[in-house]
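Colleague: Could you pick one part of this model and walk me through it slowly? I'm new to this, so please explain the terms as you go.

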Amino acid sequence: PVLTVTPFDGEEEAIALANGTAYGLGGYVHTQNLRRAHHVASALDAGMIHVNGSGEGMTPCAPFGGMKQSGSGRLGGEAGLHEFLRVKNVWVNLAKPVGGQ
């Protein structure tokens, strides 16, 4: 694990700095402002965002995975199940039988 500390002048610059990497497994937001926490968390390109902590008490059914070069797909939870599905829509018009049968 590597931690970098970089000064920034505002929220938008902090988001740009955090997203300016080829990786996106996790991100951390430390703030007392809940509105800011939600805004920054939604703007970060990472698979898991922790606000004011590091994931204590995470449940195994929570989806886990990264973005960009930090993973492909999700493990755990409903999102993890979707990795094994291939959705297909088949529509059959029964009002006009083919061949008169």
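Modeller: Sure, one term first: buried means under 20% relative accessible area, exposed means over 50%, and partly exposed is in between (1.4 Å probe, protein chains only). This is a predicted model, where local features need pLDDT of at least 70, side-chain atom pairs count only at pLDDT 80 or more, and totals for chains, interfaces and linings use all residues. Residues are numbered from 1 along each chain as its sequence is written, and side-chain values use heavy atoms, with hydrogens and water left out.

Let's look at the stretch from β2 to β3. Strand β2 covers residues 26-29, helix α2 runs over 34-43, and strand β3 takes in 48-51. (Helices, H or I with at least four residues, and strands, E with at least two, are DSSP runs numbered from the N terminus.) Together, β2, α2 and β3 form a right-handed β-α-β unit: with the strands pointing away from you, the path over the helix runs clockwise.

Now the two strands. β2 and β3 run parallel and are joined by four bridges; DSSP has to find at least two for a pair. Across that pairing, Tyr-28 sits opposite His-50 of β3. His-50 also belongs to the covered face of β3, along with Met-48, while Ile-49 and Val-51 make up the uncovered face. That fits a general pattern: side chains in a regular strand alternate between the two faces of the sheet.

Next, the helix in the middle. Arg-36 of α2 joins its side chain to that of Glu-11 in a salt bridge, 2.5 Å from N to O (a Lys or Arg side-chain nitrogen within 4 Å of an Asp or Glu carboxyl oxygen). This contact ties α2 to helix α1, where Glu-11 sits, and the two partners are 25 residues apart in the chain. The structure has one salt bridge. How buried or exposed are its two ends? Arg-36 counts as partly exposed because its relative accessibility is 40%, and Glu-11 is also partly exposed, because its value is 23%.

Finally, follow the chain out of β3. Asn-52 lies in the loop between β3 and β4, which spans 67-68. Its phi is positive, about 55 degrees, even though Asn-52 isn't a glycine. With a relative accessible area of 46%, Asn-52 is partly exposed. Over in strand β4 you'll find Lys-68, another non-glycine with a positive phi, of about 60 degrees. Lys-68 is partly exposed too, with a relative accessible area of 37%.
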